[in-house]
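This report describes how one protein chain is arranged, going from its domains to its strands and helices. Please keep the structure in view while reading.

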Amino acid sequence: MKLDAIDLRILDAVQRDGRITKLALAEKAGLSPTPCWMRLRKLEKAGIITGYHARIAPRRIAPVASVMMEVTLANHRQADFERFERAVAAIPDIVACWSVGGGVDYILKIITADIDAYQRLVDGLLDRELGIDRYFTYIVTKTVKEETVLPVSSFAASGEEQSAS
């Protein structure tokens, strides 16, 4: 789906405020409400907008441990990756998992009640024999930056430059 400047303004507005009114969104996009709403629905149907969420500050609820974990699997067959990814997807405390290139296979972001809960989670992963060869743990001591708003106009512009080349 080719996005124009209006689509980018809509995306920017809804990711900054998922509760924005139809009228306010239309104003930010520079359209009347009905065409703006139709574009929003088109972006949703195309899978560009995948949901609307509230951003929670977990430490305001209770103390938590934030952990980044590198995982390297012993074997690199497709079935090994799929087995590991299915297991990770089923564990709510693993809030993000990225398959990466380089020296490790995955980087996980884990939020648990404390370090003991994290260690129990790791022990459970190891007990399930998911093919984990090595893992490294990094305790987050301070969040310096964690954006949920993506710079859509920046990478949409670079995509247009590449397609024009």
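## Terms and domains

Helices, of at least four residues, and strands, of at least two, are DSSP runs that are numbered from the N terminus. With these terms in hand, the model, which is a predicted one, can be described part by part.

The domain assignment divides the chain into domain 1, covering 5-54, and domain 2, covering 61-139, and the C-alpha centres of domain 1 and domain 2 are 35 Å apart. An unreviewed UniProt entry places the feature "domain: HTH asnC-type" at residues 3-64. Over residues 3-64 the chain is 60% helix and 0% strand, while the C-alpha atoms at the two ends of this stretch lie 40 Å apart.

## The sheet

The sheet is open and is formed by 4 strands, which follow the order E2-E3-E1-E4 with antiparallel pairing. Strand E2 (94-99) and E4 are found at the edges, where each has a single partner strand, so one side of each remains without a neighbour in the sheet. On average, and with direction ignored, neighbouring strands of this sheet are turned by 20° against each other.

## Strand E1 and its partners

Is strand E1, which spans residues 65-73, mostly covered or mostly open? Strand E1 is mostly covered, since 7 of its 9 residues are buried, and here buried means that a residue has under 20% relative accessible area.

E1 pairs with strand E3 (residues 106-112) in the antiparallel sense over 7 bridges, and within this pairing Met69 stands opposite Leu108 in E3. E1 also pairs with strand E4 (residues 132-139), again in the antiparallel sense and over 7 bridges, and there Thr72 stands opposite Arg134 in E4. In a regular strand, the side chains alternate between the two faces of the sheet.

## Helices on the sheet

Which strands does helix H5, made of residues 78-89, lie across? Helix H5 lies across E1, E2, E3 and E4, and runs at about 15° to E3. Helix H6, made of residues 115-127, packs on the sheet as well, where H6 touches E1, E2, E3 and E4 and has a direction that makes about 170° with that of E4.

Methods. Residues are numbered from 1 along each chain as its sequence is written. This is a predicted model: local features need pLDDT of at least 70, side-chain atom pairs count only at pLDDT 80 or more; totals for chains, interfaces and linings use all residues. Side-chain values use heavy atoms; hydrogens and water are left out. Buried means under 20% relative accessible area, exposed over 50%, partly exposed in between (1.4 Å probe, protein chains only). Two strands pair if DSSP finds at least two bridges between them. UniProt positions are given in the numbering used here, feature names are shortened, and annotations may be inferred rather than shown by experiment. Domain bounds come from an automatic or database domain assignment. Axes are lines fitted to C-alpha atoms, for helices over the stretch in contact, and angles run from 0 to 180 degrees between N-to-C directions. Contact means heavy atoms within 4.5 Å.
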